[in-house]
Amino acid sequence: MKTFTNDAIQKAMISSGMIPVFFHADIEVAKGVLDASYKGGVRVFEMTNRGENAFQVFTQLLKHAEQYPDLILGIGTIMNAALTQKYIDAGAHFIVSPILKPEMATVCQQADKLWIPGCATLTEIVTAKDLGAKVIKVFPGSVLGPGFISSIMPVVPGLQLMPTGGVEPTEANLSAWFKAGVICVGMGSQLFTKEIIETKNWDRLQQSVADALAIIQKIRVKK
Amino acid sequence: MRFTKQQIVSGMKGAGIVPLFTHDNPVDAQHVLEVAYGAGIRVFEFTNRRDNSFEVFGHLLSVARKYPDLMLGIGTIMDGATTKKFLDAGADFVISPIMKLEMASVCDTYDCLWIPGCATLTEIVTAKDHGAEIIKLFPASVLGPGFVSSILPVVPGLQLMITGGVEPNEKSISSWFKAGAACLGMGSQLFTREILAEKNWSLLKQRIEETLSLSKQVRK
């Protein structure tokens, strides 16, 4: 089983700038999406725990991902400590949550796994940071907006924030987030559109992923 | 404490504007404080955002003692230990961008006004239950005046200090007061980079005077 240090994961998140967030109950679809994302340049991928068979799909996907030595695969939509432990035992490289649940911090710390809690206020963010979160997910991103990031960054310098929810793969939207100071963005339904998934158009998905990553690199050069 | 909580709350609501400011140069910081006082400001928040903010704040406190009616508080405080450090130095009140309960206990011990920063009604009511008389809404531009008008009927009597993105113009000021704000915190929009770089104190004085008069005018 592959392992990555938390530092290596954080660095990979920053360098690619975009973490795809995806779930599908059909393992073949999940594999197709993971393969296309990897070929498009993704190196950190978040599968989410959103269906009854999510655990089975995730363990099979982890096995499938073994062929890519530099692909980091984490689990998202985790809401409690028991599930955190279950996925860490299964080999998840990092744990993402839409909420701030301190008991998850304890489990991740014991296993030395990166814990990425979801926060929506500065009080939650600072609480997460005090509990050891190195990277914090800002959720739901589209409700808070890039203005939230630019307002809080001068107050607590050095925060490593990843907005998720409603981030769009357009230059205007991505540029607003990166200018505000995020280290990377999470992107789900805006990237994996219903149409692409239904038609299993993996070539197009690979192109969309590559395009989004290219936009981010371009924005960073400008910055 | 030099001032009662009530005096500080009254001072904040009276002017309607609380300037918030930081600078690593004590001489420039003193200029800004004295210019603000000259323009009519009586409650001033210095923010703890630089490595030497404690030293600069100490200098400002000694300046503030020359003005018996000037209330000088410290902002951007994140924990209990720093709260205690600034209160021991003589801060008149303590402001935070977050709702950190250990700060409430320290302020309570000193009988000092604790103004926590909140961004949801749950955080606001938790702060109120822990003794916060005035609560800072932050970052206000993200929440908007609609947030204030939605929650005030639910928890009447809330005294909210709006901070983050408030602009020194009639439209912005009036929208927040109409929604029910008790006062507005104003930082970078008032103390612009240009003014500070050019040390244009006369323009700063004029800007503060205009803002205070707008605040008075829209609340008539």
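1. Two strands are taken as paired if DSSP finds at least two bridges between them. The model is predicted, and the pairings of strand β1 (residues 17–21) of chain B are a convenient place to start. Three bridges join β1(B) to strand β9 (residues 183–186) of chain B, and the two run parallel. Within this pairing, Ile17(B) stands opposite Leu184(B) of β9(B).

2. β1(B) is also joined to strand β2 (residues 43–47) of chain B, by two bridges and again in parallel. Here Leu20(B) stands opposite Glu45(B) of β2(B). The connection involves helix α2 (residues 26–38) of chain B: β1(B), this helix and β2(B) make a right-handed β-α-β unit.

3. On burial, β1(B) is mostly covered, with five of its five residues buried. The cover is on both faces: Ile17(B), Pro19(B) and Phe21(B) are buried on one side, Val18(B) and Leu20(B) on the other. Ile17(B), which stands opposite Leu184(B), and Leu20(B), which stands opposite Glu45(B), thus belong to opposite faces of the strand.

4. Helix α4 (residues 80–89) of chain B has three buried residues, Thr83(B), Phe86(B) and Leu87(B). These lie on the same side of α4(B) because the arc they cover around the axis is only 100°. Ala81(B) and Asp88(B), on the other side of the helix, are exposed.

5. What lies over the buried residues of α4(B)? The covering elements of chain B include two helices, α3 (53–64) and α5 (101–109), and two strands, β3 (71–75) and β4 (93–95). Just after the helix, Gly90(B) takes a positive phi of about 120°.

6. Val125(B) sits in helix α6 (residues 121–129) of chain B. Is this residue buried or partly exposed? Val125(B) has 17 other C-beta atoms within 10 Å, so it counts as partly exposed; the cut-off for buried is 20 or more. Its C-alpha lies 9.1 Å from that of Leu158(B), although the two are 33 residues apart in sequence.

7. The contact between the chains takes 11 residues from chain A and 16 residues from chain B. On the side of chain A that touches chain B, the elements giving two or more residues are α6 (122–130) and α7 (141–152) of chain A. The largest share of that side, six residues, comes from α7(A). By class, the side of chain A that touches chain B has six nonpolar residues, five polar and no charged ones.

Terms used:
Residues numbered from 1 in each chain as written. Chains lettered and ligands numbered in written order. Predicted model: local features only at pLDDT ≥ 70, side-chain atom pairs only at ≥ 80, totals over all residues. Helix = DSSP H or I, 4+ residues; strand = E, 2+ residues; numbered from the N terminus. Buried ≥ 20, exposed ≤ 12 C-beta atoms within 10 Å, placed from the backbone. Arc of directions from axis to C-beta. Contact = placed C-beta atoms within 7 Å. Right-handed = clockwise from strand over helix to strand, strands pointing away. Nonpolar A, V, L, I, M, F, W, Y, C, P; charged D, E, K, R; others polar.
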